[in-house]
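Open the model in a viewer and keep the sequence panel visible. The stops below go from sheets to helices and end at the contact between domains.

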Amino acid sequence: MPTLTWPTKSLPDPLPADLILEALTYPQGHGYPQGASSPEALPENHLYLGDNLKVMAALLPQYEGRIDLIYADPPFFTNKRYPARIGRGEDSRRPQEWQLAEGYADHWPDIDAYLDFLYPRLALMHRLLAPTGALYLHLDWHADAYARLLLDEIFGRERLLNEIVWLYHGPSPIRRAFNRKHDILLVYTKSGDYTFNADAVREPYNPNTVKTFNSSPKAGFGKIPNLARGKVPEDWWYFPVVARLHNERTGYPTQKPESLLERILLASSNPGELVADFFCGSGTLPLVAARLGRRFLACDVTWRAVHTSRVRLLEGGQPFTLQREAAIQIPLSPATLDFQLANRTILLDKPPALDYWEVDPAWDGITFKSAMQARRPVRSGDIPLKLELPGAPKNVCIRAITVDGEQIQMGLNV
Ligand SMILES: C[S@@+](CC[C@H](N)C(=O)[O-])C[C@H]1O[C@@H](n2cnc3c(N)ncnc32)[C@H](O)[C@@H]1O
């Protein structure tokens, strides 16, 4: 079998990350433990800030062979930098006026360096997958051909289930080639016995097809499909890009549409199963997974991505832990917060520009248990400055994140 080689190709044993439990988040108090928390009470969903090579290595003892579905949307080898938009209510047609912050970089000295990055991570994902699991690797023309050879080697050529083409459209500066408007998802299964829920992803037949079958019983060479049940989608999918989906936009670059992830999750996982995204960016996969009743592991190496995911996961309604690699610090702000506490109501007084704030009403000085949260509205408007606590406050701790992504922490002993 042909294999891909390059001078630095190797699979060293990765060093596991030293993970620190930063916070437990109970979206709007959902699942918040009213008594003292015990290890059994830990949420089943986890968000990690760290290099996924080390994070995945740290997860092996607990999760090897136990993840039912992995979606991976790594940098594509575009050699670009992707800033994040952090402003609100800006005119989309005037990019020069957008308020930007660092997003993530997709910069490589050469293709060898990129393959050195991708290969060991794909190998770890293979180890983490359950025997019935599948990996969806999302790339485009820059590196998909190389990745396919790597996956053939790691999974076996016969384990390629689909090569899915995601089609979209939008403006492009290209004038001397056809507009590049599709991505590739390479789907590999761990074994021949894999989950595929055809009925969960059926879609209506094209009205012309229905008309043809209804008018001529000989259409389709005598085989009449179950028109009412709908069809299993082809391996080319059209979903609009997030730039066109105003309700989904977080400002995080290269965010993927929820509908794309929904189809993947419905087809290749079941409710209650464990799914993972170790390049989670704005958190699209964990959010859709939470909505569909799947448990999730999600990771990103940038604080902006993890913070964006954390805020977005409030919509998922499921409690989750936030853990970070000890070597990566959350940026701290020198600003302070003034607040008042009246019974169960916390009121912030003239805070700096905030993106998010949360309250632990019974701070134990070790693990922050976020019982209530407020976020800056996604389109326009101001962040709420008042939060109602679910229980009587004891030792109140507030954590806030400024629009620039820096954290402020304040305590109040009641
Ligand atoms: C294409 S984006 C993912 C977008 C995501 N699917 C979404 O819908 O928002 C790729 C992400 O991989 C992250 N990344 C790059 N290197 C990483 C690493 N070593 N460990 C974890 N995440 C990494 C980047 O920070 C970036 O957020």
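Two strands count as paired if DSSP finds at least two bridges between them. Helices (H or I, at least four residues) and strands (E, at least two) are DSSP runs, numbered from the N terminus. Residue numbers start from 1 along each chain as its sequence is written. The model is predicted: local features need pLDDT of at least 70, side-chain atom pairs count only at pLDDT 80 or more, and totals for chains, interfaces and linings use all residues.

**Stop 1: the sheet of 3 strands**

Select β14, residues 345-349, together with β18; the two run antiparallel and are joined by 3 bridges. Within this pair, isoleucine 346 is opposite leucine 387 of β18. Now add β13 to see the whole open sheet, 3 strands in the order β13-β14-β18 with antiparallel pairing. β13 (338-342) and β18 (386-388) are at the edges with a single partner strand each, so one side of each has no neighbour in the sheet. From one strand to the next the twist averages 20°. Angles here run from 0 to 180 degrees between N-to-C directions, and axes are lines fitted to C-alpha atoms, for helices over the stretch in contact.

**Stop 2: the sheet of 11 strands**

Next, select the open sheet of mixed pairing, whose 11 strands follow the order β9-β7-β8-β6-β3-β10-β11-β2-β12-β1-β16. Its edge strands, β9 (236-238) and β16 (368-370), each pair on one side only. Here too the twist from one strand to the next averages 20°.

Stay at the β16 end and pick out β1. What is the sense of the pairing between β1 and β16? It is parallel, over 3 bridges. Leucine 24 stands opposite lysine 369 in β16. With strand β12 (residues 320-325), β1 pairs in the antiparallel sense over 6 bridges. There, leucine 21 has glutamine 323 of β12 as its bridge partner.

**Stop 3: α5 on the sheet, and α6**

Select α5, residues 258-268, and show the strands under it. The helix α5 lies across β3 (67-72), β6 (129-139), β7 (160-167), β9 and β10 (274-277), and runs at about 155° to β3.

Add α6, residues 284-291: the axes of α5 and α6 come within 9 Å and cross at roughly 55°. That makes α5 oblique to α6; angles under 35 degrees count as roughly parallel, over 145 as roughly antiparallel, 65 to 115 as roughly perpendicular and the rest as oblique. The crossing of α5 past α6 is right-handed. A crossing is right-handed if the near helix is turned clockwise from the far one by less than a right angle, and left-handed if anticlockwise.

Show side chains for Glu258, Leu261, Glu262 and Leu265 in α5, which meet Thr284, Leu285, Val288 and Ala289 in α6. Two residues are in contact if their C-beta atoms, placed from the backbone, lie within 7 Å. The residues of this contact divide into 5 nonpolar, 1 polar and 2 charged. Ala, Val, Leu, Ile, Met, Phe, Trp, Tyr, Cys and Pro count as nonpolar, Asp, Glu, Lys and Arg as charged, and the others, Gly among them, as polar.

**Stop 4: α1, α2 and α3**

Move to α1 (residues 52-63) and α2 (residues 111-128), whose axes come within 10 Å and cross at roughly 20°. The two helices are therefore roughly parallel to each other, and α1 passes α2 in a left-handed crossing. Among the α1 residues that meet α2 are Leu53, Met56 and Leu60, and the α2 residues include Pro120, Leu124 and Leu128. In total the contact holds 9 nonpolar, 1 polar and 2 charged residues.

Keep α2 and add α3, residues 144-155; these axes come within 10 Å and cross at roughly 35°. This time the crossing is right-handed. Ile111, Leu115 and Leu122 are among the α2 residues in the contact, with Leu150, Ile154 and Phe155 among those of α3. Its residues divide into 12 nonpolar, 1 polar and no charged.

**Stop 5: between the domains**

Finally, colour by domain: the assignment, automatic or from a database, gives domain 1 (19-195 + 234-325) and domain 2 (338-413). Their centres, taken over C-alpha atoms, are 28 Å apart. Select the contact, where 22 residues of domain 1 meet 19 residues of domain 2. On the domain 1 side, β1 (19-25) and α7 (303-312) are the elements that give two or more residues. Which of the elements gives the most to this side? β1 does, with 5 residues. This side of domain 1 has 11 nonpolar, 8 polar and 3 charged residues.
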